There are 2 protein chains.
Amino acid sequence: MRLSLLTLGIILFAGFVSAQSKLKYVNPLIGTSKMGHTFPGATVPFGSVQLSPDTDTLSYAVDGKYNPDVYKYCAGYQYEDPTIVGFSHTHFSGTGHSDLGDISIMPTSGKLQLNPGIASKPESGFRSAYNHENEMARPNYYSVVLDDHQIKAELTTTTRVGIHRYTFEKEDSAHIILDLIAGIYNYDGKNVNTYVRVVDEYHVVGFRQTTGWAKNRTVYFAIEFSKPIKSYGYNDFQSKKVYQGFWRKFNLKDNFPEMSAAQFRAFFDFDLGPSRQLLLKVALSPVSMEGAVENMEHETPDWNFDGYLRAGGMLWEKELDKFDVQMLDEADLTNFYTAVYHTCLGPTIYQDWSGQYRGLDFSNENNKNGDVNYTTFSLWDTYRALHPLFNLVQRKRNADMVNSMIAHQKQSAEKMLPMWSHYANENWCMIGYHSVSVISDAYNKGLQGIDYDKALDACVQTARTRYFEGIGSYMDLGYVAEDKSGSSVSKTLEYAYDDWCIAQLALGLKRMDIYEEFSKRSANYRHVFDPASGFMRARLSSGKFIEKFDALETHQAGYIEGNAWNYSLYVPHQVDSMIALMGGKKRFASHLDSLFTMQLADKYFEHTEDITREGIMGSYVHGNEPSHHVIYLFDWVGRPDLAQKYIRQVLRTKYVAKIDGLSGNDDCGQMSAWYIFSSLGFYPVCPGSDDYILGSPLVQNAKIHLENGGVIEISAKNQSEKNPYVKAVYFNGIKLKDFKLSYQRLKNGGKLVFEMTNKPAKTF
Amino acid sequence: MRLSLLTLGIILFAGFVSAQSKLKYVNPLIGTSKMGHTFPGATVPFGSVQLSPDTDTLSYAVDGKYNPDVYKYCAGYQYEDPTIVGFSHTHFSGTGHSDLGDISIMPTSGKLQLNPGIASKPESGFRSAYNHENEMARPNYYSVVLDDHQIKAELTTTTRVGIHRYTFEKEDSAHIILDLIAGIYNYDGKNVNTYVRVVDEYHVVGFRQTTGWAKNRTVYFAIEFSKPIKSYGYNDFQSKKVYQGFWRKFNLKDNFPEMSAAQFRAFFDFDLGPSRQLLLKVALSPVSMEGAVENMEHETPDWNFDGYLRAGGMLWEKELDKFDVQMLDEADLTNFYTAVYHTCLGPTIYQDWSGQYRGLDFSNENNKNGDVNYTTFSLWDTYRALHPLFNLVQRKRNADMVNSMIAHQKQSAEKMLPMWSHYANENWCMIGYHSVSVISDAYNKGLQGIDYDKALDACVQTARTRYFEGIGSYMDLGYVAEDKSGSSVSKTLEYAYDDWCIAQLALGLKRMDIYEEFSKRSANYRHVFDPASGFMRARLSSGKFIEKFDALETHQAGYIEGNAWNYSLYVPHQVDSMIALMGGKKRFASHLDSLFTMQLADKYFEHTEDITREGIMGSYVHGNEPSHHVIYLFDWVGRPDLAQKYIRQVLRTKYVAKIDGLSGNDDCGQMSAWYIFSSLGFYPVCPGSDDYILGSPLVQNAKIHLENGGVIEISAKNQSEKNPYVKAVYFNGIKLKDFKLSYQRLKNGGKLVFEMTNKPAKTF
């Protein structure tokens with residue numbers, strides 16, 4: 001393979017990245033090894049199409065049992081893998097369970113093969129070896145050389161269209177494999193039905209319907225080729241079907257314009273001509289094949305690959321330019337802007353350009369007035385810092401997201417706000433009803449364009465759904481009884497916080513009945529506090545605490561993705577009361593410090609798929625969200641120095657500017673949002689409240705450009721590796737006396753100055 | 001069981017049937033035994049909902065092989081069967097292959113059972129024994145007593161809604177089983193995905209998606225109960241699925257408002273209260289669940305079961321009243337009006353009341369201006385006499401049907417007119433492209449509201465589809481070569497006729513290039529005539545006739561649903577030329593007569609599932625369509641007496657007013673249309689031409705009320721069982737000299753008088 005092919009790409013990409021551009025600091029490959037579960041492919045901010053290479057297609061189940069190896073492939077790509085099996089158009093960024101990987105395209109040369117083959121022997125199928133030296137991942141651009149086929153693959157996107165440019169080394173037979181079997185977290189029976197129609201020699205449309213994490217998901221697509229199809233066909237890999245009906249009378253596998261089955265791969269052959277290039281556009285729609293065609297016509301009217309690449313790059317620059325930061329070294333800038341990049345990969349736009357989208361009730365909804373429907377709400381993760389970050393720099397989008405949640409509630413059979421939803425489906429992953437936090441925080445931050453009374457009704461209806469996850473017992477007993485619903489402690493604590501959010505919204509709207517009801521509920525965390533152990537602990541309906549108890553064990557009754565030690569710290573809305581419960585400030589301070597200094601026994605790592613030894617500090621697990629506010633609790637007990645110390649440690653060790661630099665799943669941007677807030681010097685411990693909690697900035701200087709034109713200017717004087725401690729903080733020249741900084745003060749901008757020092761201090 | 005329950009129904013039904021009403025002559029049970037494949041349930045004319053009991057749910061395949069027993073269940077019901085397993089909402093009438101049986105409802109009492117059990121032991125499941133004495137089938141009304149559950153079931157419909165009234169003998173637990181596994185021609189893998197949502201305590205919506213005869217078919221539904229649901233649940237019978245996801249956290253089987261799987265049955269329990277009655281409305285939509293809800297709101301706003309029954313009865317009276325006939329006895333009237341009934345069961349309306357329907361490209365189309373989209377086009381059957389009959393008495397509907405065909409062509413991936421299409425799918429059953437006949441006949445008969453130029457384009461594009469069923473070889477060689485495409489003789493003959501239809505339309509539209517091209521093609525029948533054998537015979541690409549040949553064998557190369565003997569007579573557009581080819585009139589007359597007098601050896605019946613010994617006369621097979629014009633050919637060779645004799649024999653022996661009285665599949669009304677035409681004294685041997693061919697009427701007197709107000713009055717003077725022969729025919733007092741009667745003369749009405757006699761005569 002002539003490497004000139006790849007070089008060309010680098011030059012081209014470099015050509016439109018100005019010296020000032022922050023694009024160069026984004027490395028989409030960060031997190032693609034080990035636990036990050038990010039994908040390296042091309043996308044625009046919040047794009048519907050996230051077009052990325054998949055390195056394997058492991059099955060979710062082998063011999064009827066869960067296959068733990070599949071976990072690595074949540075985003076379809078693992079950096080260590082030697083081969084690529086296709087470029088698919090939908091991916092989650094950083095999740096810990098998965099789906100998607102739709103409409104996989106693989107260009108091949110030579111003999112037509114319709115099986116992917118195995119990674120250790122790529123010539124056994126259409127998959128190809130590749131070399132990271134010939135790979136490039138940039139915002140809205142991905143390229144790689146497929147060694148087995150001697151093809152340079154380049155990918156770029158618009159919001160709803162993936163554009164592929166394939167340059168073939170040899171001027172011989174060119175195949176495009178349309179792999180409609182492939183998918184992330186695939187298993188036998190997941191692909192329900194798939195349809196492909198060859199419209200003419202340049203156009204193909206179809207849809208793919210799956211039942212997986214999303215029970216009823218359909219992705220519609222339209223494909224345009226830059227050259228006429230010479231011939232096409234498919235192979236149906238489903239052997240079970242008895243009835244093939246009168247379709248038998250055609251030679252369906254050869255140039256018959258319709259293909260329909262649960263498991264098939266199609267191929268399209270082309271004469272390349274002297275250019276040796278073949279381009280594809282692949283448009284998606286949540287609604288219909290026509291919707292996909294219209295999306296393509298609207299967004300990608302011509303074949304200007306470089307133009308789409310450039311336009312997407314400009315969209316990314318706009319997002320990155322919301323932050324102007326100076327940091328201690330280039331690697332920090334890479335970390336920071338890659339984090340910003342990762343916060344713009346979800347939720348994603350889920351609506352045709354016309355405004356049509358598929359509702360949770362499978363109806364076709366139509367958004368008017370520029371409203372945009374979003375999907376992929378990983379709310380147990382993202383309510384913590386991602387949506388609060390959006391309230392600073394993505395206010396219109398966050399309002400659209402809130403409205404998408406309210407629409408979801410209206411369309412839902414259960415009449416509940418989203419929990420973990422994607423592609424017009426609720427997948428019910430994790431716990432809580434944290435949409436209410438996002439809504440309450442949006443209200444607190446003054447987001448416009450939301451009907452908050454309707455939103456409150458949706459919150460209340462959600463929070464009163466008795467059959468959902470122990471809510472009945474929670475309402476009757478004041479806590480979720482473990483014998484009624486598992487993970488009862490985690491649930492009780494999170495419900496109590498969520499209820500506080502509802503109460504705050506009700507208070508703001510002067511709906512005092514609701515305020516009273518949910519204020520009362522918000523104190524329910526007290527009912528699972530066990531004074532004897534000093535921890536939050538699972539109780540039965542009888543009122544008794546469950547006897548078997550190990551504060552460090554995650555896999556025991558009462559908890560999920562966190563042990564009693566970590567979860568007991570989860571009362572973000574009433575931290576002072578929690579501290580009092582747990583023995584007062586002094587005791588709490590040393591208790592909290594011991595979390596970071598203890599030596600956790602190996603046995604606690606067993607069966608925990610999303611935590612690595614590197615991902616923890618003592619028993620503090622940064623890779624799982626229940627800890628994300630924990631370090632900041634030191635502020636409440638007069639030990640901001642410890643907060644500052646540990647924040648710096650986390651920023652330095654859990655986020656490293658390398659391929660395997662993320663210590664845990666990025667969780668749709670939540671981990672990255674933590675990095676952004678914390679490196680700027682503050683964090684939203686309690687979304688729904690007005691307060692950010694001060695930490696220790698990693699930036700030297702930063703400007704946050706707000707949508708209202710205001711600028712928050714942050715300076716960390718004497719910032720250095722040796723000076724992680726904060727001596728004093730000034731806002732607009734006035735020294736802060738508290739560790740809380742309100743949104744009200746920040747919302748129009750201002751100057752936030754941290755005086756950094758190497759001396760720990762118990763006050764600012 | 002108190003029989004009073006049933007008696008009530010009879011009284012009620014009788015109550016609105018006036019003495020003059022022709023409803024009493026319709027017996028929907030005719031054809032439900034043996035080969036008729038009709039269904040006994042409730043429907044309005046051309047209704048979307050055809051709500052009928054299913055007596056078994058045999059699988060299309062057993063152990064991976066076709067199960068020949070399933071053939072009996074094309075319409076879901078066999079009169080001999082001892083049990084009923086449910087009342088489903090969609091049925092074909094009289095087909096020889098099948099699909100549908102959607103949204104099966106079974107009311108039960110006592111212990112909840114979610115398996116149907118077996119017919120020989122109904123207590124093994126929810127199915128129930130029943131007794132024909134307690135069964136009543138009338139237009140838009142069906143009732144039966146379900147013995148095992150002591151429930152009287154009554155069914156009626158509107159166009160898009162089935163209304164169920166269940167009266168329970170005992171005031172105990174009442175269950176409604178919503179059986180979403182059941183279906184006609186079911187097999188493992190046919191049910192792709194099914195969804196049910198409990199909206200509130202009175203309402204349920206959902207959809208069911210199948211891949212069978214129709215590869216991609218979705219039926220949306222909405223159900224309303226007259227009493228609140230007490231509790232509900234379901235059982236998922238699909239064992240293969242590994243991944244159930246986070247839905248596991250709910251008790252999905254018990255009062256959880258969403259159910260989704262490929263194979264499940266839901267149940268709904270009710271307190272009956274003193275009325276002991278429970279009513280259901282089940283609305284269907286081709287487009288969406290909301291569409292079904294809107295159809296229900298629009299068509300069935302209240303619970304007036306008797307009102308819907310009455311309204312549907314009036315729609316039927318309107319159809320039956322198009323014919324006023326006097327016949328020799330009551331049984332003839334039953335035959336005649338039941339035939340009229342059977343001609344109004346398809347094609348069916350396939351569109352929401354709003355005008356929305358699902359196109360063949362899965363797009364949502366929207367009909368305006370009162371146009372109606374129809375589905376279920378069994379065109380190889382129905383182009384012969386059913387659509388020609390519609391041109392007399394269903395002109396607006398037939399124009400809508402033609403427009404539905406043209407829309408189909410536009411939406412089709414293959415850009416072909418429908419062949420055998422149902423529910424937004426082409427199933428490719430049988431041969432030919434007979435839509436062109438229906439279109440050409442519509443033009444010839446002056447149907448308004450059709451863009452005939454567009455229609456001709458659609459015809460031409462269809463007829464030039466080279467990859468379809470040997471058309472390429474037909475265009476190149478002048479005949480379908482058997483080595484290129486099977487059933488080549490049948491195809492060549494039918495294509496030649498279809499081409500003639502296209503030529504006639506082109507001539508009318510003065511598009512002479514097309515006229516020339518297709519006139520030439522219309523003579524292609526000559527290329528498969530073998531002078532040596534005197535029959536139409538299969539040829540190879542080389543030009544040679546295939547050597548192995550038995551003129552009486554249906555199952556040999558060259559033919560489908562007809563042997564060489566019968567098929568060789570298929571040149572309806574150039575009968576004189578055909579007769580000349582076959583040796584001239586005299587020879588042809590005796591040749592043709594031998595068809596009826598020969599003794600067919602038993603071996604020719606083997607492997608023929610849709611023909612019975614009773615269904616044939618000599619080697620003339622009335623149960624299969626290729627013969628339908630054959631008797632009338634005697635007119636061309638000066639032997640109208642033989643036509644008259646055999647027509648009377650067919651009318652007397654192949655249509656008997658009993659449950660098993662139909663000698664073959666009614667084929668969506670084609671068999672019945674033959675009866676209607678022939679009993680009125682004429683038949684459309686060549687649709688697309690202006691001519692009806694005279695036969696021998698069975699009526700004494702008849703009036704056909706045309707839509708333009710004209711009335712065709714038919715009298716058969718001296719009509720009697722002994723006088724099947726026709727001495728003379730007069731139209732408006734003028735004696736006819738030819739055996740042809742043009743539509744032009746009939747179209748505004750007039751008096752057609754047959755003078756009947758017992759003396760055969762070779763001229764009129």
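**Exercise 1. Decide whether B:K491 is buried or exposed in this predicted model, and find the salt bridge in which its side chain takes part.**

Solution. Begin with the accessibility: B:K491 has a relative accessibility of 3%, and since buried means under 20% relative accessible area, B:K491 counts as buried. Next, look for a partner of opposite charge: the side chain of B:K491 meets that of B:E469 in a salt bridge, with 3.4 Å from N to O. Then place both residues along the chain: because B:K491 lies in helix α11 (residues 488-508) of chain B and B:E469 in the loop between α9 (452-463) and α10 (471-477) of chain B, the pair ties together parts that are 22 residues apart in sequence. Finally, check the partner, B:E469, which at 6% relative accessibility counts as buried as well.

**Exercise 2. Find which salt bridge B:R648 forms, and say for each partner whether it is buried, partly exposed or exposed.**

Solution. The first step is the pair itself: B:R648 forms a salt bridge with B:E721, and their closest N and O atoms are 4.0 Å apart. The second step is the position of each partner: B:R648 belongs to helix α16 (residues 640-653) of chain B, while B:E721 sits in the loop between β35 (711-717) and β36 (725-731) of chain B, so this salt bridge ties together parts that are 73 residues apart in sequence. The third step is the accessibility: B:R648 has a relative accessible area of 5% and is therefore buried, whereas B:E721, at 42%, counts as partly exposed.

**Exercise 3. Describe the salt bridge between A:K491 and A:E469, and then turn to the salt bridges over all chains.**

Solution. In chain A, the side chains of A:K491 and A:E469 meet in a salt bridge of 3.4 Å, taken from N to O. This pair links distant parts of the chain, with A:K491 in helix α11 (residues 488-508) of chain A and A:E469 in the loop between α9 (452-463) and α10 (471-477) of chain A, 22 residues apart. Both A:K491 and A:E469 are buried. Over all chains, the count comes to 66 salt bridges.

**Exercise 4. Work out how α11(B) and α12(B) are arranged with respect to one another, and which residues bring them into contact.**

Solution. Start from the axes: those of α11(B) and helix α12 (residues 512-522) of chain B come within 8 Å and cross at roughly 155°. Because angles over 145 degrees count as roughly antiparallel, α11(B) is roughly antiparallel to α12(B). The crossing of these two helices is left-handed. Then look at the residues that meet: on the side of α11(B) they include B:A496, B:W500, B:A503 and B:L507, and on the side of α12(B) they include B:I514, B:Y515 and B:F518. To read such a list, it helps to know that an α-helix has 3.6 residues a turn, so residues three or four places apart point the same way.

**Exercise 5. Determine which rotation superposes chain A on chain B, and explain how the two copies meet.**

Solution. First, take the rotation: one of 180°, with 0.0 Å of shift along its axis, superposes chain A on chain B with an RMSD of 0.0 Å. The two copies are thus related as by a two-fold rotation axis. Second, ask where chain A approaches this axis: of its residues, A:V192 comes closest, with its C-alpha at 3.0 Å. Third, compare the interfaces: 100% of the interface residues of chain A are also interface residues in chain B, so the copies meet through the same surface.

**Exercise 6. Locate A:Y195, state whether it is buried or exposed, and list the residues of chain B that it touches.**

Solution. A:Y195 is placed in strand β13 (residues 191-200) of chain A. Its relative accessibility is 1%, so A:Y195 counts as buried. Among the residues that A:Y195 touches are A:F207, A:F221 and A:M289, and from chain B it touches B:N216, B:F362 and B:A413, residues up to four places away in sequence not being counted.

Note on methods
Residues are numbered from 1 along each chain as its sequence is written. Chains are lettered from A and ligands numbered from 1 in the order in which they are written. This is a predicted model: local features need pLDDT of at least 70, side-chain atom pairs count only at pLDDT 80 or more; totals for chains, interfaces and linings use all residues. Side-chain values use heavy atoms; hydrogens and water are left out. Copies are superposed by least squares on the C-alpha atoms of residues with pLDDT of at least 70 in both. Contact means heavy atoms within 4.5 Å. Helices (H or I, at least four residues) and strands (E, at least two) are DSSP runs, numbered from the N terminus. Buried means under 20% relative accessible area, exposed over 50%, partly exposed in between (1.4 Å probe, protein chains only). Axes are lines fitted to C-alpha atoms, for helices over the stretch in contact, and angles run from 0 to 180 degrees between N-to-C directions. Angles under 35 degrees count as roughly parallel, over 145 as roughly antiparallel, 65 to 115 as roughly perpendicular and the rest as oblique. A crossing is left-handed if the near helix is turned anticlockwise from the far one by less than a right angle, and right-handed if clockwise.
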